[in-house]
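This report covers one helix, the nonpolar cores and the pockets of a single chain. The structure is shown first.

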Amino acid sequence: MSVVSLPRPVATLWRSLRLPTHKHALGWWLGTRTTIFVVWILIGFNTQGDVAYYYSQIDLLFHGTPPDQILIEYPTPLIWFLTLPYLLGFGSSQGYLAVFVLFFLGADALLGFILWRSARQYGTTPRPAVAYWIWFVVATGPIIYMRLDFLTSALGALGLIALIRAHRGASGALMGLGAAIKLWPALLWPATLTDRRALRQATLGFFAVGTGLAVASLLYGGWQRLISPLTWQSQRGLHIESICATPVMVSRLYDTSTPQRWTVFLSKFNAWEITGPGTTLLTDISSTLVILGGITMAVLYLGWLKRTDRNIVEAGILMIVATLIMIVTNKTLSPQYIIWLSGPIAALLTISEIHPRILPAQGHLFSLITHPPHLRREDRLVIPVGLARHLAIWSLILAILTQVIYPVLYRHYIVTSMMTPIAAGVLVVRNVALVYFTISLVVFSFRSIGFRVNR
């Protein structure tokens, strides 16, 4: 039997895709980033709306508006961060956008470098983590450079990487800093408590940063500004992309009444929301799911913390579980939320080879994919690097579907057209996949992490 060999250029491209050296990694990073910006410029998708909003708010600050009226949906420390592009951009909107994007592009390169360097230092291969990071940004598109969610995701990655070097205090501090940018990283802090020393040091780091920034925020903007992000979130309506909005977004397709019973509009919260029959009930269901999700994570964390053989791979998985629960139950699922997954997954790929065989499968929902089906259930073990790659593939699929939703098809969700059924179909596929992924990983975590018996 003859073997058909690939043409030399294709073979060379394939070998370079495997990132055998740092030069190949740099080449792919430069090539993919250039492509992202070229496509963005040529097609002209309006993904920079949030950056324009940040600029307008900071511009108001510099023209006399008090800080308690600026960016009230975000924690106060974010005002200080978002002031930097204003100053470096000399107060112009174009300069602000350029500095903002360049900063995030630099942060993207820095995270890729840290992933490569960390894997080398730990004695593992950097290729899976760096390749994943390169292609996740491609799957997400330019929105990753124009949303603050990239920062919180990167801090999650750095917090997990810090644990492997026993920088427990730094890991907790990074989670505290993430919570100061966007509140949700506070949910990741318990995952940094991998041993008794971490229980003390990571907790101290988390609360030292969190308390310090809270006090500074109180002195800068006052009490109402300090708590405004919490009240802002509670008042929001049902976002059109959220899991709970999916039934009415589909029902809207078959609404032939004039005017339509369901209305999609840009709310005062700068988000596209939907109102009409059933939306109040679905919003209440989402609120209930948030509570149930919080209870689920609390029980899972408590079960994990009761064990004495906790490890960093499990910590990374728990970070991903907490993030997924936050995304799925939230009534305000925005496109950038998928970015939250990327940092912890990239870090998990970096450290997963350190623990060669852990986590008994116990018939979890991933077992048929990650292990040969001929093994008896009780003999199956989850190999961390295999599980990490499995999670990476899922997140890439979700990111691609999300980019198709926004910005490619987004206007067809707002105004019905011939493309709206296709747009709704993509939304259903993405949300069903997201729910399945979340449930699968929650079940796996309960069976294999949270309540594993010490040996």
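The sections below describe a predicted model.

## Helix 8

Helix 8 runs over residues 168-181, and its 14 residues reach 20 Å from the first C-alpha to the last, close to the 20 Å expected at 1.5 Å a residue. Most of helix 8 is covered, with 10 of the 14 residues buried. Among the buried residues are R168, L174, M175, A179, A180 and I181.

The buried residues of helix 8 pack against four elements: helix 4 (77-88), helix 7 (149-164), helix 9 (196-221) and helix 13 (312-329).

## Nonpolar cores

The largest nonpolar core holds 105 residues. Inside this core, L82, Y96, Y145, L148, F150 and I317 have the most contacts. Helix 13 gives the most to the core, with 13 residues. A second, separate core has 21 residues, including I143, I240, V264 and L427.

## Largest pocket

The largest pocket encloses about 1,300 Å³. Its lining has 45 residues, and R236, A271, S334, Q336 and Y337 lie nearest the centre. Helix 3, helix 10, helix 12, helix 16 and helix 17 each give two or more residues to this lining, and helix 10 gives the most, with 5 residues. By class, the lining has 25 nonpolar, 12 polar and 8 charged residues.

## Second largest pocket

The volume of the second largest pocket is about 440 Å³. Of its 19 lining residues, A179, A180, L183, G210 and A214 lie nearest the centre. Helix 8, helix 9 and helix 10 each give two or more residues to the lining, with the most, 7 residues, coming from helix 9. This lining divides into 14 nonpolar and 5 polar residues, with no charged ones.

Technical notes:
Residues numbered from 1 in each chain as written. Predicted model: local features only at pLDDT ≥ 70, side-chain atom pairs only at ≥ 80, totals over all residues. Heavy atoms only, no water. Expected span 1.5 Å × (residues − 1). Buried < 20%, exposed > 50% of the residue type's maximum accessible area, 1.4 Å probe, protein only. Contact = heavy atoms within 4.5 Å. Core = buried A, V, L, I, M, F, W, Y, C linked by side-chain atoms within 4.5 Å. 1 Å grid on protein atoms, 1.4 Å probe; cavity = no way out; pocket = protein on both sides within 12 Å on 5 of 7 lines; lining within 4 Å. Points joined across faces, edges and corners; volume = space filled by probe spheres on them. Nonpolar A, V, L, I, M, F, W, Y, C, P; charged D, E, K, R; others polar.
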